[in-house]
Amino acid sequence: MNPYQDLYHKQKTHFATAVKHATLWERKQKLKALKKWIKEHDEMIISALQKDFKKTREEVMISEIKPVIGEIRDAIHNIRYWARDEYKKTPLALLGTKAKVIKEPKGVALIIAPWNFPFNLAIGPLVSAIAAGCCAVVKPSEHTPHAEKVIQQLINDVFDEKEIACVTGGVPETTNLLELNWDHIFFTGSPMVGSIVMKAASKHLTSVTLELGGLNPVVIDERANLKDAARKLMWGKYLNCGQSCVSINYVLVHQSIKEKFNTELVKAYEKRFGTEASSKNDFARIVNTNHFERVKNLVDSSVEEGAKVIKGGTFDESDNYIAPTIIDGINEDSAIFKEEIFGPILPLMTYNTIDEAIKIINKNEKPLALYVFTRSNKFAKNIINHTSAGTTVINDTTLQFVHPNLPFGGVNHSGIGKAHGEYGYKEFTNERALLKQRRGLTSAMLIYPPFNGFKRFVV
Ligand code: NAD
């Protein structure tokens with residue numbers, strides 16, 4: 001028997017008998033309780049992430065705690081608009097009927113989270129599930145064990161397991177969970193595991209949200225403000241030690257401004273990190289030895305292929321530390337161009353024409369994020385019109401993730417479905433069509449057989 005069968009049935013029963021009928025006020029009380037717990041335990045969350053991969057206090061605040069609090073506030077404030085019935089116009093042929101879309105919670109959901117923003121990406125989707133009126137089982141990542149414990153404590157302290165529960169563990173536990181017939185699965189992680197999740201969901205035809213990753217490009221136009229671009233890349237690339245789904249995988253720099261851009265990049269690097277020793281105190285670590293080796297191999301193979309390390313490039317295995325690194329001279333055949341780096345490495349490539357840049361971007365699967373630095377709207381538009389991506393930012397990076405009113409997610413290989421705010425709420429909601437007919441004779445009867453006199457009207 002599936003070890004989670006009992007928990008699953010408890011939630012199914014509780015959903016049908018209680019949660020499905022909860023008022024919006026009750027949903028808001030749950031969100032408020034969640035917010036209160038997070039605010040009272042922020043030091044515990046910070047400490048857990050510092051233990052897991054030396055994530056700095058400031059980064060925990062801006063990328064884990066604040067975005068979740070923001071998501072909760074947004075939901076509390078807007079839930080009454082999101083949950084409103086939507087009345088629809090009636091076409092002539094259906095005269096006399098009334099139509100609307102009502103929002104019903106999908107039911108019991110499974111939320112599977114990754115390790116890179118372990119708190120944010122477990123609790124953020126939970127906020128959407130609660131706002132939508134669902135029950136949920138949350139499965140945090142096993143690779144950040146301290147964050148996993150905090151998430152478990154939060155859920156146990158605030159909720160009854162018949163409504164919201166936390167299951168800990170790795171692949172075997174997630175595999176067991178995936179066997180059950182969920183009403184929705186919200187998965188954040190790699191495209192490879194995303195396809196395992198989708199396959200398991202297809203057995204029951206369960207709807208899925210897949211928040212995945214990809215190879216995110218940056219294009220630097222020859223008209224870009226190079227100093228500004230360099231400074232912004234220092235933040236977007238190295239946040240969370242480069243272990244972010246919207247981080248940069250490669251930078252396409254126009255050949256004509258290459259030297260100037262490199263100079264600005266080195267200046268911005270030195271301003272941000274100072275000496276390497278000081279950067280060590282203010283920089284997260286790679287999450288584990290496997291990923292440390294994988295990222296180190298990417299740098300080593302790039303150097304073997306002829307690329308040049310122009311900043312960083314040092315490693316400390318005892319601590320899973322990789323210095324923020326810039327590598328120049330990558331090309332389309334480089335190993336580093338073919339996989340998601342998920343580490344603090346910024347590879348530079350050059351291009352000569354916009355068509356060439358577009359061709360390089362379109363060589364890979366559609367990315368989760370695409371960034372363009374330019375002063376020309378026409379250039380930005382051209383890139384956008386000839387590529388596809390889950391999200392795009394002009395003249396900055398990463399900020400799209402924290403915008404509460406934008407849908408966040410990928411396209412095809414980088415994701416299916418959207419997160420955040422109303423978009424997240426909708427993933428856990430069934431938009432149910434409701435049509436009400438008048439009693440007695442109606443215009444719709446014109447399409448009933450036998451057609452006789454109405455044949456010409458119908459056909
Ligand atoms: P992952 O896919 O390895 O793991 C994610 C979750 O799936 C974990 O909870 C893990 O226990 C579970 N899992 C792993 N292998 C499994 C298997 N074989 N069967 C069932 N479950 C399994 O991802 P990760 O390494 O934790 O996170 C990094 C990836 O997540 C990157 O690709 C990154 O781009 C992506 N990501 C995407 C977003 C987004 O919002 N789009 C955000 C963060 C991370």
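**Active site, sheet and ligand shell**

Reader: Does E211 count as buried or exposed?
Author: In this predicted model, E211 has 28 C-beta neighbours inside 10 Å. A residue needs 20 or more such neighbours to count as buried. Because its 28 neighbours inside 10 Å satisfy that cut-off, E211 counts as buried.

Reader: In which strand is E211 placed, and which residue of β17 stands opposite E211?
Author: E211 is placed in strand β7. Strand β7 is joined by 2 bridges to β17 (residues 415–416), and the two run antiparallel. Within β17, the residue opposite E211 is G415. The strand and the residue asked for are therefore β7 and G415.

Reader: At which residues does UniProt place the feature "active site", and what is the largest C-alpha distance?
Author: The unreviewed UniProt entry places this feature at E211 and C245. They are spread over 35 residues of sequence, yet they cluster in space. The residues are E211 and C245, and the largest C-alpha distance is 9.1 Å.

Reader: Where is C245 placed, and is C245 buried or exposed?
Author: C245 sits in the loop between α9 (226–238) and β9 (250–254). Around C245 there are 28 other C-beta atoms within 10 Å, so this loop residue is buried.

Reader: Which residues are in contact with E211 and which with C245, leaving aside neighbours within four places in sequence?
Author: With those neighbours left aside, E211 is in contact with F187, T188, G409, G415 and A419. Of these, G415 is also the residue that stands opposite E211 in β17. For C245, again without those neighbours, the contacts are G213 and L368.

Reader: In what order do the 6 strands of the open sheet lie, and which are the edge strands?
Author: The 6 strands form an open sheet with mixed pairing, in the order β5-β4-β3-β6-β7-β17. Two of these strands each pair on one side only. The edge strands are β5 (164–166) and β17.

Reader: In which sense do β6 and β7 pair, and what is the handedness of the crossover?
Author: Strands β6 (residues 184–188) and β7 (residues 207–211) pair over 5 bridges in the parallel sense. One bridge partner pair is F186 with T209 in β7. Between the strands the chain passes through helix α8 (residues 191–204). The pairing is parallel, and the β-α-β crossover is right-handed.

Reader: Over how many bridges do β3 and β4 pair, and which residue is the bridge partner of I112?
Author: Strand β3 (residues 108–112) and strand β4 (residues 135–139) pair in the parallel sense over 5 bridges. The bridge partner of I112 in β4 is K139.

Reader: Which of the 26 residues around the ligand come nearest, and which element gives the largest share of the shell?
Author: P114, G189, V193, G213 and C245 come nearest to the ligand. The elements giving two or more residues to the shell are α7 (171–179) and α8. The shell residues divide into 11 nonpolar, 11 polar and 4 charged. The largest share, 3 residues, comes from α7.

Reader: What is phi of K54 and of N412?
Author: K54 lies in the loop between α3 (42–53) and α4 (57–82), and N412 in the loop between β16 (391–394) and β17. K54 is partly exposed because it has 18 C-beta neighbours inside 10 Å; N412, with 14 other C-beta atoms within 10 Å, is also partly exposed. Neither K54 nor N412 is a glycine. Phi is positive in each: near 55° for K54 and about 50° for N412.

Technical notes: Residues are numbered from 1 along each chain as its sequence is written. This is a predicted model: local features need pLDDT of at least 70, side-chain atom pairs count only at pLDDT 80 or more; totals for chains, interfaces and linings use all residues. Two strands pair if DSSP finds at least two bridges between them. Helices (H or I, at least four residues) and strands (E, at least two) are DSSP runs, numbered from the N terminus. A crossover is right-handed if, with the strands pointing away from the viewer, the path from the first strand over the helix to the second runs clockwise. A residue is near a molecule or strand if its C-beta atom, placed from the backbone, lies within 6 Å of it. Ala, Val, Leu, Ile, Met, Phe, Trp, Tyr, Cys and Pro count as nonpolar, Asp, Glu, Lys and Arg as charged, and the others, Gly among them, as polar. A residue is buried if 20 or more other C-beta atoms lie within 10 Å of its own, exposed if 12 or fewer, and partly exposed in between; C-beta atoms are placed from the backbone. UniProt positions are given in the numbering used here, feature names are shortened, and annotations may be inferred rather than shown by experiment. Two residues are in contact if their C-beta atoms, placed from the backbone, lie within 7 Å.
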